[in-house]
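Colleague: Got a minute to walk me through this one? I have some questions about how it is put together.

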Amino acid sequence: MPYIPHTEAERDAMLKTVGVASLDDLFVDIAQDLRPKSFLASAGLPEQEVRTLCEELAARNTRVLSFLGAGFYDHYIPAAVDALAGQSAFVTAYTPYQAECSQGTLQAIYEFQTAIARLTELDCANASLYDGGTALFEACTMCVRSAKKRTKIVLDEGINPIWRRMLATYARNLPVDFVLVPLKNGVSDKEALKAAIDDETAGVAVQNPNFFGVVDDYSDVFAAARDKKALSVISVNPVLLSVLKTPGAMGADIAVGEGQPLGQPLDFGGPYLGLMACKKALVRQMPGRLVGRTHDTEGRTGYVLTLQAREQHIRRSKATSNICSNQNLCALRALVYLSLMGPQGLRDVAENSIANAHLAAREIVNGIEGASLLNDAPFGNEVAIRLPVPADVLVQRCLVRHKCVPGYPAGRDFEGMENVLIVACTEKNTEGQVGILLDAIRDVIAWIGQDELCQARG
Amino acid sequence: METIYSKSVPGRRTTGLAPDPVKEGAAAFLPEGCLRKGLPGLPECSELDVVRHFTQLASKNFSVDGNFYPLGSCTMKYDPKINEVAAGLTGFTSLHPMLAQLANGQGCQGAMHVLYTLERSLCAITGMEAFTLQPMAGANGEFTGVAIIAAYHKSLGRDRRIMLIPDAAHGTNPASAAMAGFTVVELPSKDGMIDPEAIRAAIEKYGDSIAGLMMTCPNTLGLMEVHVKEIVELLHGIDALVYYDGANMNAILGKMRVGDAGFDVVHLNLHKTFATPHGGGGPGAGPVGVCERLIPFLPSPRITRKADGSYEFLTDAPQSIGKIGPFYGSFGVLLRAMAYIWRLGGEGLERVAEYAVLNANYMRVKLKDVLDIPYDRLCMHEFVASAPHGLRALDLAKGLLERGFHAPTIYFPLLVHECLMPEPTETESKQTLDAFCDALADIVAKGREHPEELAAAPHGLPVTRMDETEAARGMHLTEDM
């Protein structure tokens, strides 16, 4: 059998040591009537066949020219990220409970925490959470825990709809009440946000750039929250943080985000990386693993898991969260990515992505009759464009005819936005790709007959 | 070892990894008030600086690939390399998850075949009717499972607030139940097992406020719960649901299907039973299986196979608990588990359980004269032991590290005095187990003679014992704190 090293002679000797006659005799505690009548019927395969099967399945997925983002971005990943994060001493280790033989993992987490704290300009960060959505949920429960009796969380509608749906799932049976403040044409209504924050409010949560790509400064919203003794949460894109005003500079208490843009492949939905940073005063409310710097008995600097009294193996049902792991390899990838890029490299990635999105916006608006920007707000690497056709139809036709995904149809999540396409760019989507995108959109709009248009609208 | 930040040299970088700078900068596109002041304090290093740093860091870790790692309840088995090859194929890694929704599965059929086949395989392995692959870790699966239990009772108009959990359960069980709004009632164990009498007493006291019971089986002492049928019947008698925590599934593959035994909800840890790497703490995956009546409550979307053999995602599920993860689970982890199941097949998986249990029992017998074994009977894939009189589990653990073995889990479960919990897994050879047992016998013997030397272990590793109090008090969580 694959991966089981025992020879028959060894097996028999071991059975003898244990004092049973056969392998099946080891399972006497499972009653006979509980033994399975059927089980997985398929036979095992030689390694070569598994490889061929996987290669064939991989080839069945279509490679596309993509301007799809919506919170998940296709940045270039340097070769060294895979090589370093793929080292088996990282990959096949586990939770660093035994610090003396886990300094590699522990120091890497500490360096990751430092990177995220510096990117967000907040005091500290944890070792990571599952993804951007659960990180946002955990931030909301931090607000409610800190505020004691307050349960209201003011949510900006610009937060990724996927994460808003996750919040609804996670908070369904908890004393957390979300109040949604609608966007105005894709832009945060900051006056409405401020007005919604009252004496019952535990926290306010926004996203920058928001789901439509709009970039804003939420300092005044966070100041309003502070006045009401509520906490401020901001969800960020970590690559763009090299360019955009930081959570710390805006006065946020907690920053969260999806860390996928930092060296993680899109990988059909994960594993991804939940980021969380906060002010020092909140550290004991923060869920998840934390690594701290300390010394060994000989005075050498080293690292350990710390502040574990927050965690479920000690606090059980009163823990800050049920999370008992982190996305460790993903966090390591992010750290290696940031170390390779450095501050200037990360900014170059962000600025190129932003420049490409502006180029794409200009080209589409100038080159497609009837296309216009959804609003005149500043945007980052993603832009919302109103088209003369339903965006959903355009996307499907572009995929079939041109193997190109021109963006995300906002109408899937926002009423009245059926013709709005959200176009995302990374540094990969350069001028040449934008040209192909434009041709594809033009072709599909021409191709969509008047009748079909009516049908789609109907 | 110095941090990557202290190796940073202002102005040093590897050009050509990021694109060339944008001439006019972000200020050309965005208003001043939206911009960051100054660059973030990230390392400025050459590629070789970075390569050397992380290669040296890796050398400071024990790992399954380098060391015997019998960490109980974590199932640290060998992670086959072919799984990594499969997961690294660009046809999978470059796939944007939203593509599947935008074009009804077009362009993603290969990936969706993997997901569908994995769901069906897990059903065949466990006897459950349906699975969701969304949960991103074991604890995330627990939350999903208990949220489904809450939704089930709510759909019937019931207000059931109590979740029964044995005292020996993993700490995540009560924490997950609390997140789903339940009040936890702890059940005392008897002889290391769930006591049906304790359940009867709870039913007497709380009646139909009881929503369900979460149980780990084999339990956290490494013992098979022998009253499974009676327990399931008692709970079903008040239409409470029984949750199976699959942390220890490795022990019963092919020997018992939890669906056949009447469990209503189960989560599996793919990083344990199905050999996806632990990654120093993640990412894992915690798929959840349910019986037929709970299918409507599974997270959305669900994957389905159409008559023509193609796959699509279904989002129309009015009773669904909603979204647990952003998409359809941690695909990269799921693919590795699928490759493992393809490689082993049903027969290979049954052998896994047999040899995992053989190895654990062999170690248990070999260590009888070295450690105190509180439950001296056949164990499943792991067992608990106490450090012999006068010695501490912590010191024995450190002594093992010094000799190149990762320590077993220590001080869990809490109800075992000075507890050590070894789980060898099926992929370890007799020679490795013998060497470990010999080393432990030697550590115990020497520790009795020279306790002060054992208390100073380990030597020869990158660091000696760490000052945990300083870490907690000092709160140096970053280079700037």
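What follows is a chat about the chains, their contacts and a few backbone details.

Modeller: Sure, fire away. Keep in mind that this is a predicted model.

Colleague: Let's start with chain A. What share of its residues count as buried?

Modeller: The C-alpha trace of chain A spans about 85 × 55 × 50 Å along its principal axes. It has 15 helices and 15 strands. Among contacts in chain A with a separation of 6 or more, 72% come from residues 24 or more positions apart. Of the 458 residues in chain A, the buried share is 61%.

Colleague: And its domains: how far apart are the centres of domain 1 and domain 3 of chain A?

Modeller: The assignment for chain A gives domain 1 as 11–59, domain 2 as 65–73 + 342–457, and domain 3 as 79–337. Taken over C-alpha atoms, the centres of domain 1 and domain 3 of chain A are separated by 41 Å.

Colleague: Now chain B. How do the residues divide on the side of domain 2 of chain B that touches domain 3 of chain B?

Modeller: In chain B the assignment puts domain 1 at 4–59, domain 2 at 84–342 and domain 3 at 352–470. The centres of domain 2 and domain 3 of chain B are 31 Å apart over C-alpha atoms. Their contact takes 16 residues from domain 2 of chain B and 14 residues from domain 3 of chain B. On the domain 2 side, the classes come to 8 nonpolar, 6 polar and 2 charged.

Colleague: What about the two chains together? Which helix gives the most to the side of chain A that touches chain B?

Modeller: The contact takes 162 residues from chain A and 172 residues from chain B. By class, the chain A side has 85 nonpolar, 48 polar and 29 charged residues. The element giving the most to that side, with 21 residues, is helix H12 (residues 328–367) of chain A.

Colleague: I'm also curious about H1(A) and H11(B). Are they parallel, perpendicular or oblique to each other?

Modeller: Helix H1 of chain A covers residues 8–18, and helix H11 of chain B covers residues 331–366. Their axes come within 9 Å and cross at roughly 50°. That angle falls outside the parallel, antiparallel and perpendicular ranges, so H1(A) and H11(B) are oblique.

Colleague: Which residues of H11(B) does H1(A) meet there?

Modeller: H1(A) passes H11(B) in a left-handed crossing. The contact residues divide into 6 nonpolar, 2 polar and no charged. From H1(A) come A:Met14, A:Leu15, A:Thr17 and A:Val18, and they meet B:Leu358, B:Asn361, B:Tyr362 and B:Val365.

Colleague: Let's zoom in on A:Val206. Is it buried or exposed?

Modeller: A:Val206 is found in strand E5 (residues 201–208) of chain A. Leaving aside neighbours within four places in sequence, A:Val206 is in contact with A:Asp156, A:Gly158, A:Ser188, A:Tyr218, A:Val221 and A:Ile234. The cut-off for burial is 20 or more other C-beta atoms within 10 Å. A:Val206 has 26 such neighbours inside 10 Å, so the class is buried.

Colleague: How far is the C-alpha atom of A:Val206 from that of A:Ala230?

Modeller: Along the chain, A:Val206 and A:Ala230 are 24 residues apart. In space, their C-alpha atoms are separated by 14 Å.

Colleague: On to the backbone. What is omega for the peptide bond from B:Ser300 to B:Pro301?

Modeller: Most peptide bonds are trans, so a cis one is worth a look. B:Pro301 lies in the loop between strand E9 (288–290) and strand E10 (302–305) of chain B. The bond from B:Ser300 to B:Pro301 is cis, with omega near 0°.

Colleague: And where is B:Pro218?

Modeller: The peptide bond from B:Cys217 to B:Pro218 is also cis, with omega near -5°. B:Pro218 is found in the loop between strand E6 (210–216) and helix H9 (228–237) of chain B.

Colleague: Then there's A:Arg316. Is it buried or exposed?

Modeller: Phi of A:Arg316 is near 50°, a positive value in a residue other than glycine. A:Arg316 sits in the loop between helix H11 (312–315) and H12 of chain A. With 21 C-beta neighbours inside 10 Å, A:Arg316 counts as buried.

Colleague: Last one: which exposure class does B:Asn104 get?

Modeller: B:Asn104 has a positive phi too, near 55°. B:Asn104 is in the loop between helix H4 (99–102) and helix H5 (109–126) of chain B. There are 13 other C-beta atoms within 10 Å, so B:Asn104 comes out as partly exposed.

How values were computed: Residues numbered from 1 in each chain as written. Chains lettered and ligands numbered in written order. Predicted model: local features only at pLDDT ≥ 70, side-chain atom pairs only at ≥ 80, totals over all residues. Domains from an automatic or database assignment. Contact = placed C-beta atoms within 7 Å. Nonpolar A, V, L, I, M, F, W, Y, C, P; charged D, E, K, R; others polar. Axes fitted to C-alpha atoms, helices over the stretch in contact; angles between N-to-C directions. Helix = DSSP H or I, 4+ residues; strand = E, 2+ residues; numbered from the N terminus. Parallel < 35°, antiparallel > 145°, perpendicular 65-115°, else oblique. Left-handed = near helix turned anticlockwise from the far one by under 90°. Buried ≥ 20, exposed ≤ 12 C-beta atoms within 10 Å, placed from the backbone.
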